[in-house]
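Reader: I have a sequence and a model in front of me. Please take me through the chains, their interface and a few residues.

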Amino acid sequence: MIARQLLAAEGGNEFQAPGTEIFDWGPLWDGAPSWLTKPTLIVALSVIIVCGFFWAAFSKPKLVPRGVQNIGEVGYLFVRDQVARPMIGKDGDKWMPFLLSTFFFILVMNLMGVIPVLQLPAPSHIAFAIVPAAVVYVLMVFLSIKHQGLGGWFKNMMFPPGLPAWLYIILAPIELLSTVILRPFTHAVRLFANMFAGHLLIAFFASVGYWFLIEKLTPLGSGLGVLGFVMSVVMTGFEIFVQALQAFIFTLLAASYIGGALHPDH
Amino acid sequence: MGVLAEVTGNVGSIAYGLAAIGPGIGVGIIFGQGVQAIARQPELYNTIRQNMLLGFALTEALALIGFVVPFVHS
């Protein structure tokens, strides 16, 4: 705090790190409906982009793919071979429409965090992380009851065979808690918190750079400003990686929950 | 005797520092063992990476919950 005051003392005002207020967005213009904010605009844009991309890629499929279809097929094969087949098994291909659209929808929503002008990952508002996670959770409960029966589901969940009897006293409540409550919670919070933290981090470094290089340029502070600028570039690169990884992990976990519901034995 | 040591500011940051210890160790173990497993059996790379990322995601959730709680609580 002292260093900051020293470096930016002239104006009498000190550097303020951005807080949660950078996530508050009002209606887009005066008189706009109250739900029409920047995050909802980004979600709508993501839906349009994903639909448009797959429409362009697969509406008229050719045997020898060209152009957009090539990219679409690479994406499809990636989700099928890395997520659907290893996690669900032979009938994984049946779940591809759901998994592919989930993956790309979340990927595009996340990548909105590094696209200039927009620069807000939609899942940094927890509502947009809860809804996909809730869809997966409802699907998992429905499939579990359909394929294992209500009693069978709880039995497979809480009493996996082949363990010493006394262990079930500890295992059963933990498994019940982790499957029914913690799964959907962590599924949503993981995506939300990654995007939230990443956006806050970029905003922090960018505002350090702006403050010490433009707002309050001093000989001593300029080094810190350059550091902030460089770090905001580095963090943007790192965020692209994290955003892709989180979309992948979200889909991977969704597939693993679905696979667990369909085939409880492994 | 006056105040010997004082902490001001958001206590949530200390809470997050503490909450990051466990997942930090866990993520380190997961990737360390994962790389070791890949070095021993490079042909199982896909399977190992799959499980590595799954374990990473489950462990990381703890750190992220620790990160979110101060914001929710304040």
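The questions and answers below go through this predicted model.

Reader: How many helices and strands are there in chain A, and in which order do the elements run from the N terminus on?

Author: Chain A has 8 helices and 0 strands. With no strands to place, the order from the N terminus holds helices alone: α-α-α-α-α-α-α-α.

Reader: What is the radius of gyration of chain A, set against the globule rule?

Author: For 266 residues the globule rule gives 18 Å. Chain A is well over that value, so it is more spread out than a compact globule. Its C-alpha trace spans about 70 × 60 × 40 Å along the principal axes. The radius of gyration of chain A is 23 Å.

Reader: What percentage of the residues of chain A count as buried?

Author: A residue counts as buried when its relative accessible area is under 20%. The accessible surface of chain A comes to about 14,200 Å², and carbon and sulfur atoms hold 73% of it. Of the 266 residues in chain A, the buried ones make up 42%.

Reader: Of the contacts in chain A with a separation of 6 or more, what share is between residues 24 or more positions apart?

Author: Contact here means heavy atoms within 4.5 Å. Among the contacts in chain A with a separation of 6 or more, residues 24 or more positions apart account for 66%.

Reader: Which pattern does chain B follow along the sequence?

Author: Chain B has 3 helices and 0 strands. Read along the sequence, the pattern of chain B is α-α-α.

Reader: What is the radius of gyration of chain B, and what would a compact globule of 74 residues have?

Author: The C-alpha trace of chain B spans about 65 × 30 × 10 Å along its principal axes. A compact globule of 74 residues would have a radius of gyration near 11 Å, but the value for chain B is 18 Å.

Reader: What percentage of the residues of chain B count as buried?

Author: The accessible surface of chain B is about 5,000 Å², with 67% of it belonging to carbon and sulfur atoms. The cut-off for buried is under 20% relative accessible area. Of the 74 residues in chain B, the share that counts as buried is 30%.

Reader: What is the area buried between chain A and chain B?

Author: The size of an interface is often given as the accessible area lost when the parts come together. In this model 20 residues of chain A are in contact with 15 residues of chain B. Carbon and sulfur atoms give 77% of the buried area, which is about 1,500 Å².

Reader: How many salt bridges and how many residue pairs in polar contact are there between chain A and chain B, and which element gives the largest share of the chain A side?

Author: The rule finds 0 salt bridges across the interface, and the count of residue pairs in polar contact is 3. On the side of chain A that touches chain B, the elements giving two or more residues are α3 (68-88), α7 (167-215) and α8 (219-262). The largest share of that side, 10 residues, comes from α7(A).

Reader: Which residues of chain B are in contact with Thr186(A)?

Author: Thr186(A) is placed in helix α7 of chain A. Its relative accessible area is 12%, under the 20% cut-off, so Thr186(A) is buried. A polar atom of the Thr186(A) side chain lies 3.2 Å from the backbone oxygen of Arg183(A). Leaving aside neighbours within four places in sequence, Thr186(A) is in contact with Ala61(B) and Ile65(B).

Reader: Which residue forms a salt bridge with Arg85(A), and is that residue buried or partly exposed?

Author: The count over all chains is 2 salt bridges. One of them joins Arg80(A) and Asp81(A), with the closest N and O atoms 3.2 Å apart. In the pair formed by Arg85(A), the closest N and O atoms are 2.8 Å apart, and Arg85(A) counts as partly exposed at 38% relative accessibility. The partner, at 32% and partly exposed, is Asp93(A).

Reader: How far apart in space are Leu36(A) and Asp81(A)?

Author: Leu36(A) is in the loop between α1 (2-7) and α2 (38-58) of chain A and is buried, with a relative accessible area of 17%. Asp81(A) counts as partly exposed at 37% relative accessibility. The two residues are 45 residues apart in sequence, and their C-alpha to C-alpha distance is 38 Å.

Note on methods. Residues are numbered from 1 along each chain as its sequence is written. Chains are lettered from A and ligands numbered from 1 in the order in which they are written. This is a predicted model: local features need pLDDT of at least 70, side-chain atom pairs count only at pLDDT 80 or more; totals for chains, interfaces and linings use all residues. Side-chain values use heavy atoms; hydrogens and water are left out. Helices (H or I, at least four residues) and strands (E, at least two) are DSSP runs, numbered from the N terminus. The radius of gyration is taken over C-alpha atoms; the globule rule is 2.2 Å times the number of residues to the power 0.38. Buried means under 20% relative accessible area, exposed over 50%, partly exposed in between (1.4 Å probe, protein chains only). Accessible areas come from the Shrake-Rupley method with a 1.4 Å probe; for residues, only the protein chains shown count as cover. A salt bridge is a side-chain nitrogen of Lys or Arg within 4 Å of a carboxyl oxygen of Asp or Glu. Buried area is the accessible area (1.4 Å probe) that two parts lose on being put together, summed over both. A polar contact is a pair of N or O atoms within 3.5 Å; within protein, one must be able to donate a hydrogen and the other to accept it, and residues adjacent in sequence count only if both atoms are side-chain atoms.
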